[in-house]
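User: I am new to this structure and would like a close look at one part of it. Could you walk me through the disulfides and how buried or exposed their cysteines are?

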Amino acid sequence: MMDLKERCGSQGSLESSSLHPTSWQAFVHTSTLHGLRFIFPYGQTSLRRWLWAAALLASLGLLFLESTERLAYFLSYPHVTSMDAVVSCSLVFPAVTICNLNAYRFSSLTRNDLYHAGELLGLLDVHLTIPQPHLAESDVLAFLQEKANFTAYRPKAFSMEEFIERVGHDLKEMMLYCRYQGQECSHSDFRTVFTRYGKCYMFNAVEEGKTLRTTMKGGTGNGLEIMLDIQQDEYLPVWGDTEDTAFEAGVRVQIHSQAEPPFVHELGFGVAPGFQTFVATQEQRLTYLPPPWGECESKALESGFFQVYSVTACRIDCETRYIVENCNCRMVHMPGDASYCTPEQYKDCAEPALAKLSAVESSNCMCRAPCNMTRYNKELSMVKIPSKTSARYLQKKFNKSEKYITDNILVLDVFFEALNYETIEQKKAYEVAGLLGDIGGQMGLFIGASILTVLELFDYAYEVVKDRLLDLLSKEEEEESHGEDVSSCDPVANHSESISHTVTVPLQTTLGTLEEIAC
């Protein structure tokens with residue numbers, strides 16, 4: 001009996017010195033999470049244990065606060081903007097769109113034009129009569145009286161497209177000379193485009209069978225130089241305030257990318273007669289981020305009017321859809337296949353609708369910046385022409401008076417300031433790698449943990465759940481085998497009973513159940 005007790009005592013001490021593989025204390029004493037082994041020691045509870053517990057809880061609280069702040073910053077999708085200057089061997093010359101501020105030549109108007117569009121041009125009233133003849137000069141009044149005589153007149157068919165094409169200023173007549181990089185150019189190097197200013201001309205436009213012009217030098221003389229006669233004698237007489245009446249004289253110019261349609265009435269700059277205007281430009285290539293980091297747009301417009309998305313393409317597309325929906329027609333400068341508006345529709349519907357759209361454009365036309373775009377910065381300077389010494393020469397060369405030259409002739413010189421371009425790029429300021437790095441750094445600082453520590457916790461949870469399930473399964477098997485084996489076992493009086501009181505048998509040992517031992 002004493003030998004059995006000593007053996008049982010030595011077995012109990014052996015079990016107390018070795019922990020079960022899934023016990024909590026065994027885990028915390030082998031875990032890489034700092035502080036746990038001091039909070040759950042083998043011995044009795046002490047003040048040291050509570051101090052370590054408080055330190056660990058405080059560190060976990062700080063870790064939670066810092067990680068929450070980092071996560072909130074990540075979900076705000078911040079971005080930064082970087083700028084750089086890149087030197088290039090050659091640059092594609094931009095498109096240059098030129099429009100005369102006067103849309104219609106007065107001398108080109110016919111009787112049929114005045115009959116249909118006289119009210120739109122502000123030359124006639126609703127009764128097809130001259131509204132204020134006392135304000136007109138004698139030659140202008142004589143011309144209008146002759147053309148506006150509609151007695152027994154039979155009007156002909158009228159088309160706004162044909163009217164603007166025919167009556168708009170002709171570049172062949174306006175251009176006095178043209179040079180690109182010192183080489184002569186002509187009106188054939190310009191493509192006709194229609195804008196809110198009517199008939200305009202674009203240099204270096206994308207055309208089938210032609211390559212875009214490039215430049216390999218910066219500075220004046222290495223770009224486009226053009227002398228124009230704005231033909232002020234052809235300007236419509238002004239005796240009222242209408243949408244199509246120009247109070248200024250000169251041309252409107254826009255420098256833009258070939259992928260972007262001209263929007264001269266808003267984005268162009270004016271060039272005045274009697275001056276040579278120098279335009280030093282620099283190319284900028286901008287890259288914006290899509291949502292949620294930014295608000296750029298990269299998809300082509302659903303209408304299919306423009307292949308490449310841009311803000312001006314979006315604006316023109318929006319204006320076109322608005323006019324077609326409200327007036328059942330489109331203006332001449334608008335894309336699409338809808339019929340062109342008549343002069344009456346221009347005056348009564350299209351122009352008032354455009355003015356209304358501009359007033360509430362923020363809610364009707366939401367045009368985001370494209371994700372990739374090219375724009376051109378400009379620096380303008382000018383000098384007076386002609387000089388006193390050149391006035392006589394120009395009079396003989398163009399057979400014009402000095403006053404005419406001062407009032408009508410201008411020179412436009414567009415060139416790259418330097419052969420480089422700027423890049424302006426939006427970049428993500430905080431990505432997933434930065435978030436994980438910050439949270440990992442906070443974990444290492446506050447609790448000395450890492451990703452592997454987190455895996456240790458999951459591994460421990462898995463082992464605990466697995467052992468619990470195995471315990472449940474072994475108990476069920478125990479109950480089933482107990483019912484089968486109890487009847488076939490030969491009981492031994494007092495012997496099994498004494499063993500059950502003196503020997504501790506683990507339930508999960510290889511010896512089996514008590515009934516099996518007894519048997």
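Analyst: Here is a friendly tour of three of the disulfides. This is a predicted model, in which local features need pLDDT of at least 70 and side-chain atom pairs count only at pLDDT 80 or more, while totals for chains, interfaces and linings use all residues. Residues are numbered from 1 along each chain as its sequence is written, and side-chain values use heavy atoms, with hydrogens and water left out.

Taking a disulfide as a pair of cysteine sulfur atoms within 2.5 Å, the count comes to six. One of them joins Cys 296 and Cys 371, with sulfur atoms 2.0 Å apart. This pair links distant parts of the chain, 75 residues apart: Cys 296 sits in the loop between strand S12 and helix H10, and Cys 371 in the loop between helix H12 and strand S13. Helices (H or I, at least four residues) and strands (E, at least two) are DSSP runs, numbered from the N terminus. The link is right-handed, with 75° about the S-S bond.

Buried means under 20% relative accessible area, exposed over 50%, and partly exposed in between (1.4 Å probe, protein chains only). Cys 296 is buried at 4%, and Cys 371 is buried at 9%.

Next, Cys 327 and Cys 349 form a disulfide with sulfur atoms 1.8 Å apart. Its torsion is about -90°, so the disulfide is left-handed. Cys 327 is buried at 5%, whereas Cys 349 is partly exposed at 21%.

Finally, Cys 329 is joined to Cys 341, S to S 1.9 Å. Here the torsion is about 90°, so this disulfide is right-handed. Cys 329 is buried at 0%, and Cys 341 is buried at 2%.
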